[in-house]
Amino acid sequence: MLSNRTIIGLVVGIIIIVLGGYSLVLHAGTIDIEEDYIVAIGDSVPYTIPAPKNTSQHMTVTGDAFDLKLSSPDDGLQIPNTSYKKELVLDWTHLEDGDTKILIQNTGNSELHITGELIRSSDPIWFTYDLMVVISGVVIIGFSMGFTLRKPKGF
């Protein structure tokens with residue numbers, strides 16, 4: 001017969017393992033990001049978008065005046081530091097795995113509005129983190145099973 005502490009430990013451990021497994025599935029592959037950002041007058045914002053090969057990106061920058069520099073991996077879209085007015089629509093595709101780097105500087109008299117649909121690759125640290133959560137659930141189950149086998153002094 002299982003003790004109450006063992007049953008509680010099993011339930012908590014199973015819940016933690018399920019949550020960690022679900023998070024592992026969520027963090028596998030690419031991540032879609034809906035960007036909606038406001039840049040104040042005189043401020044700049046850098047973007048680094050790590051993405052796998054053949055992922056398409058879309059970004060729209062709207063404002064009075066702004067400077068933009070973009071570099072994409074391999075022979076992708078390359079825009080040197082150039083001034084723009086009113087609106088700029090960017091559509092590009094990553095031809096190789098790597099990082100697209102974008103620097104947007106607001107040089108106008110109004111705020112910039114940046115919107116976009118970006119696809120990026122998952123960060124490997126999330127895999128490690130999710131794996132640690134699953135391992136924690138297994139450890140909790142292991143400790144709780146110890147209460148069934150023998151009762152330590154003081155319990």
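In the next few minutes I will walk through the overall build of this protein chain and then turn to a few individual residues.

I should say at the outset that this is a predicted model, and the values I give are computed from it.

Let me begin with the order of the elements. The protein chain holds two helices and six strands, and if we follow the chain from the N terminus on, these elements run α-β-β-β-β-β-β-α, so please keep that order in mind as I go on.

What about the overall dimensions? Taken along the principal axes, the C-alpha atoms of the protein chain fill a box of roughly 75 × 35 × 20 Å. The radius of gyration of the protein chain is 24 Å, whereas a compact globule of 155 residues would have one near 15 Å. Of the 155 residues in the protein chain, 31% are buried, and the accessible surface comes to about 9,700 Å², with 62% of that surface belonging to carbon and sulfur atoms.

The charges are worth a short remark as well. The protein chain carries 10 positive and 18 negative charges, and the mean positions of these two groups lie 20 Å apart.

Now to helix 1, which covers residues 4–26. This helix has 23 residues and reaches 33 Å from its first C-alpha to its last, which is close to the 33 Å expected at 1.5 Å a residue. Which residues of helix 1 are buried? Among them are three glycines, Gly9, Gly13 and Gly20, and the buried residues also include Thr6 and Ser23.

Glycine 21 is also found in helix 1, but with a relative accessibility of 27% this glycine counts as partly exposed, because buried would require a value under 20%. Glycine 21 also lets us compare sequence with space, since isoleucine 135 is 114 residues away from glycine 21 along the sequence, while their C-alpha atoms are 10 Å apart.

Contacts across the sequence can be described for the whole chain too: of the contacts in the protein chain between residues at least 6 apart in sequence, 78% join residues at least 24 apart.

My last residue is threonine 100, whose place is in strand 5, residues 98–106. Is threonine 100 buried or exposed? Threonine 100 is counted as buried because its relative accessible area is 0%. If we leave aside the neighbours within four places in sequence, threonine 100 is in contact with Tyr47, Thr48 and Ile49, then with Leu70, Ser71, Ser72 and Pro73, and finally with Trp92 and His94.

Note on methods:
Residues numbered from 1 in each chain as written. Predicted model: local features only at pLDDT ≥ 70, side-chain atom pairs only at ≥ 80, totals over all residues. Heavy atoms only, no water. Helix = DSSP H or I, 4+ residues; strand = E, 2+ residues; numbered from the N terminus. Expected span 1.5 Å × (residues − 1). Buried < 20%, exposed > 50% of the residue type's maximum accessible area, 1.4 Å probe, protein only. Rg over C-alpha atoms; globule rule 2.2 N^0.38 Å. Contact = heavy atoms within 4.5 Å. Areas by Shrake-Rupley, 256 points an atom, 1.4 Å probe, with all protein chains shown as cover. Lys, Arg positive; Asp, Glu negative; His and termini not counted. Charge placed at Lys NZ, Arg CZ, Asp CG, Glu CD.
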